[in-house]
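Got the viewer open? Load the model, keep the selection box handy, and follow along stop by stop.

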Amino acid sequence: MSDAAAVTIEPPATGALPLAVEKPTLFMELLRPSSLPKLAVCPRYVPSAEAGPYAARGSKLDNAFRLLLAGEASALEGCTEEEQSSLRWAEAMTRLLSGEEAILYEKTDCRMRIPGLPHGGEADAITPGRFRSFDLKSGILREYREQMAAYAYGLMEKHFASEWTCTLLFLDLRQVVHMRFTYEEARGVVENVIAYYRDPESMATPGDACGWCALREVCQARRNLMAESLRVLELKEGLDHIKDDPEKLSRFLVGCKHLEDAYKNGKEYARRFFEGGGAGIPGFKLQTRKGNEFVAPGDVASALAHLKPGELCQLYGNLSAEKFRGAWADKYGAADPPDIIQAGNASTYVRAAPSPKEPKAKKTKALKNQ
Ligand code: SF4
């Protein structure tokens, strides 16, 4: 039980009852670079023990990236065509940004001690001659400032540098984000999050971290928000009561977002119940969607060999800009693609904006998109 013991977790400061959850080891486990962005949002955040398919995919891609930098022929085995293309793009960007300097990719070279974080950290690749590290990210653009500050802090200690640039390579989007820190900035960011986490007065703060939090279904702070939204619906005037009040509308929407998450989690439990042979859930059924029929690209090419490339492209229709940029980068590296990328009609919708809330301690700046 030592690695997955049931431990009692202190309640979020808003008054939830103590609860027992499965968590990997001790509380110090939380202080990892990857947890810092979430702890900066909510100091009571506890990582969920379930790694999930996204984490498994991230590890696979990190591993393939290292092998690619090492020149291993088998590097891309097990990756989809899209992933292979993205990884080649990431390799090209890494080599371009490293110039003639040596790129270190072995785990032992990429590991670092980070003051205050007992487990240290590990970048995906480092170019010490350029005071730069690289980190692959899959999925959408997210805020990784605190994690990158931790790497920069540790790597500046290791390489006796006073400035460091962390380069994030967003594989699925083919986007590069640079974050440059001075030693004081990086240390300040890390120490601020640790202080926020250790502050006994700090409160559970619902936000982007909740989706990954082990307490998400029992957190009182989150429940309070959801209950507030439900109470609006109980009012005689309903939503009419808040429709012209930006503050109330915002709180209502935030609470609904958490209700939506709870709905998704509930559906996941229902799916497991059905798949486990459960008798049924009134009002719901398990729906299996038939997979789309398709013809593999190689089979299209041989079956329709009489068509010219242009005619085949017409059959396929428009190519996404990301795929085009990827194919271009595979052939021409970092050279700008021709000016043929078009954009469809814009649409307007409301989305949640990143919370302006920062850890209580003083803010430090990182330079982005340089
Ligand atoms: S569920 Fe959200 S608010 Fe509650 S402790 Fe976890 S991260 Fe914080």
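**Whole chain**

Start with everything selected: 26% of the chain's 370 residues are buried. Buried here is when 20 or more other C-beta atoms lie within 10 Å of a residue's own, exposed is 12 or fewer, and partly exposed is in between, with C-beta atoms placed from the backbone. This is a predicted model, in which local features need pLDDT of at least 70 and side-chain atom pairs count only at pLDDT 80 or more, while totals for chains, interfaces and linings use all residues. For your selections, residues are numbered from 1 along each chain as its sequence is written.

Switch to cartoon and you have 11 helices and 9 strands. These are DSSP runs numbered from the N terminus: helices are H or I with at least four residues, strands are E with at least two. Of the contacts between residues at least 6 apart in sequence, 67% join residues at least 24 apart. A contact is a pair of residues whose C-beta atoms, placed from the backbone, lie within 7 Å.

Now colour by pLDDT, the predictor's confidence in each residue, from 0 to 100. The chain's mean is 84, and 86% of its residues reach 70 or more. Select 1-28 next: pLDDT stays under 50 there, and the model has 46 contacts beyond four places in sequence for this stretch. Residues 356-370 are also below 50, with 29 contacts in the model beyond near neighbours in sequence.

**The ligand**

Select the ligand and its surroundings. Which of the 15 residues around it come nearest? They are Cys-42, Arg-44, Cys-210, Cys-213 and Cys-219. Near means that the residue's C-beta atom, placed from the backbone, lies within 6 Å of the molecule. By class, the shell has 11 nonpolar, 1 polar and 3 charged residues. Nonpolar covers Ala, Val, Leu, Ile, Met, Phe, Trp, Tyr, Cys and Pro; charged covers Asp, Glu, Lys and Arg; the others, Gly among them, count as polar.

**Helix α5 and the residue after it**

Go to α5, residues 145-159. Its 15 residues reach 20 Å from first C-alpha to last, close to the 21 Å expected at 1.5 Å a residue. The expected span is 1.5 Å times one less than the number of residues. This helix is mostly covered, with 12 of its 15 residues buried; among them are Arg-145, Glu-146, Tyr-151 and Met-156.

Step off the end to Phe-160, which follows α5 and sits in the loop between α5 and β7. Its phi is near 55°, a positive value in a residue other than glycine. Most residues other than glycine have a negative phi. Is Phe-160 buried or exposed? It is exposed, because only 7 other C-beta atoms lie within 10 Å.

**The β7-β8 hairpin**

Select 163-170 and 175-182, which are β7 and β8. They pair in the antiparallel sense over 8 bridges; two strands pair if DSSP finds at least two bridges between them. Label Leu-168 and look across to its bridge partner in β8, Val-177. The hairpin leaves 4 residues between the strands. In that loop is Arg-174, which has a positive phi of about 55° although it is not a glycine. With 19 other C-beta atoms within 10 Å, Arg-174 is partly exposed.

**Helix α6**

Select 183-198 for α6: 16 residues reaching 22 Å, close to the 22 Å expected. Its buried residues include Glu-185, Arg-187, Val-190, Asn-192 and Tyr-197. What covers the buried residues of α6 includes α1, β3, α5, β7 and β8.

**The β3-β4 hairpin**

Take β3 (111-114) from that list and add β4, residues 117-122. The two run antiparallel, joined by 3 bridges, with Ile-114 opposite Leu-117. There are 2 residues between the strands, and Gly-116 in the turn has a positive phi of about 90°.

**Two loops to finish**

Find Gly-78 in the loop between α2 (52-69) and α3 (81-98). It is exposed, with 11 other C-beta atoms within 10 Å. Draw a C-alpha distance to Lys-60: 8.5 Å in space, 18 residues apart in sequence.

Last, select α11, residues 321-332. Its 12 residues should span 16 Å, and the end C-alpha atoms are 16 Å apart, which agrees. Gly-333 follows α11 with a positive phi, near 65°. Further along, between α11 and β9 (367-368), is Gln-342. It counts as exposed because it has 7 C-beta neighbours inside 10 Å. Gln-342 and Ala-321 lie 8.0 Å apart, C-alpha to C-alpha, and 21 residues apart in sequence.

Terms used:
Contact = placed C-beta atoms within 7 Å.
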